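Let's take a walk through this model, one side-chain contact at a time. Keep the 3D view open and follow along.

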Amino acid sequence: MSFDLKANGENDPVVGVYEIAETMTEVGGEFGFFTRERVAAELEERVAAGEADADGAAEELAVFDGRVEFTADGRVVEWMKIPAGVSEEEIKEAVEAGEIAGCRDGLLTTGETKEWKTVEGRYYYNSGGERELFGEEQSPWDELTFDENGLLIFGGVMKLRRI
């Protein structure tokens, strides 16, 4: 089964499936948003210099293999790549046992979702975070905004590109 944006409200600026275009990390001593290519180049250099191992580098890059889906019914679903070597039977068993909620296109989701909503033309998602400022509880709802390149800023640590 593939992602069907039309079934999810293609004309809404938020509803759809997104790939991780950039993530917040450190590259070359600079902390900021970087693409997979920049992060991969940095990791290759670190592995070649003996400062990192290949497995650890692959794990760091795995974040770019995920997807984030904003559904028309107000849910945010995070999808991650199915680990190499996991069989169809193991996936089926995990779904039946409730360990994962589903899989498609080589991705799986645990079923844990967050909410998103529109308020006066602005978009927000419930980060689920418990926050406090000067002893007062703060809202877990964060505004969803697009940067100058049209990437959706998510969680303050990822920039998403609609696919």
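Start with Arg161 and Glu19, whose side chains come together in a salt bridge, 2.9 Å from N to O. Arg161 sits in strand 13 (residues 158-162) and Glu19 in strand 1, so this pair ties together parts of the chain that are 142 residues apart in sequence. Arg161 has a relative accessible area of 39%, so it counts as partly exposed. Glu19 is partly exposed too, at 22%. Bear in mind that what you're looking at is a predicted model.

How many salt bridges does the structure hold? There are 9 of them. The general idea is simple: side chains of opposite charge can pair when their charged atoms come close. Another one to find is Asp65 with Arg36, again at 2.9 Å, N to O. Here Asp65 belongs to the loop between helix 2 (54-61) and strand 3, while Arg36 is in helix 1 (residues 36-48), so the bridge joins parts that are 29 residues apart in sequence. Asp65 is partly exposed at 22% relative accessibility, and Arg36 is partly exposed with 31%.

Next, look for Asp142 and Arg131, where the closest N and O atoms of the salt bridge are 2.7 Å apart. Asp142 is in strand 11 (residues 141-146) and Arg131 in strand 9, so the two tie together parts that lie 11 residues apart in sequence. Asp142 comes out as partly exposed at 21%, and Arg131 as partly exposed at 30%.

Now for the aromatics. A pair of aromatic rings is described by the distance of the centres and the angle of the planes. The structure holds 4 such pairs. In one of them, the rings of Tyr18 and Phe70 have centres 5.5 Å apart and planes at 80°; an angle over 60 degrees counts as edge-to-face, so that is what this pair is. Tyr18 is in strand 1 (residues 16-27) and Phe70 in strand 3 (residues 67-70), which puts the partners 52 residues apart and makes this a link between distant parts of the chain. Are these two residues buried or exposed? Both Tyr18 and Phe70 are buried.

Tyr125 and Phe154 make a second kind of pair: their ring centres are 4.8 Å apart and their planes meet at 35°, so the pair is tilted. Tyr125 comes from strand 8 (residues 122-126) and Phe154 from strand 12 (residues 152-154), 29 residues apart, so to speak a link between distant parts of the chain. Tyr125 is buried at 4% relative accessibility, and Phe154 is buried with a value of 4% as well. Put Tyr18, Phe70, Tyr125 and Phe154 together and you have one aromatic cluster.

Rings also meet charges here. The charged end of Lys117 sits over the ring of Trp141, 4.1 Å from its centre. Likewise, the charged end of Lys159 sits over the ring of Phe33, at 4.6 Å from the centre.

Finally, a look at the backbone. Most residues other than glycine have a negative phi. Glu120, however, has a positive phi near 50°. Glu120 lies in the loop between strand 7 (113-119) and strand 8, and it is exposed, with a relative accessible area of 80%. Phe134 also has a positive phi, about 50°, without being a glycine. You'll find Phe134 in the loop between strand 9 (131-133) and strand 10 (136-138), where this aromatic residue is exposed at 82%.

Terms used. Residues are numbered from 1 along each chain as its sequence is written. This is a predicted model: local features need pLDDT of at least 70, side-chain atom pairs count only at pLDDT 80 or more; totals for chains, interfaces and linings use all residues. Side-chain values use heavy atoms; hydrogens and water are left out. Rings of Phe, Tyr and Trp (its six-membered ring) pair if their centres lie within 6.5 Å; planes under 30 degrees apart count as stacked, over 60 as edge-to-face and the rest as tilted. Helices (H or I, at least four residues) and strands (E, at least two) are DSSP runs, numbered from the N terminus. Buried means under 20% relative accessible area, exposed over 50%, partly exposed in between (1.4 Å probe, protein chains only). A charge sits over a ring if NZ of Lys or CZ of Arg is within 6 Å of the ring centre and within 35 degrees of the ring normal. A salt bridge is a side-chain nitrogen of Lys or Arg within 4 Å of a carboxyl oxygen of Asp or Glu.
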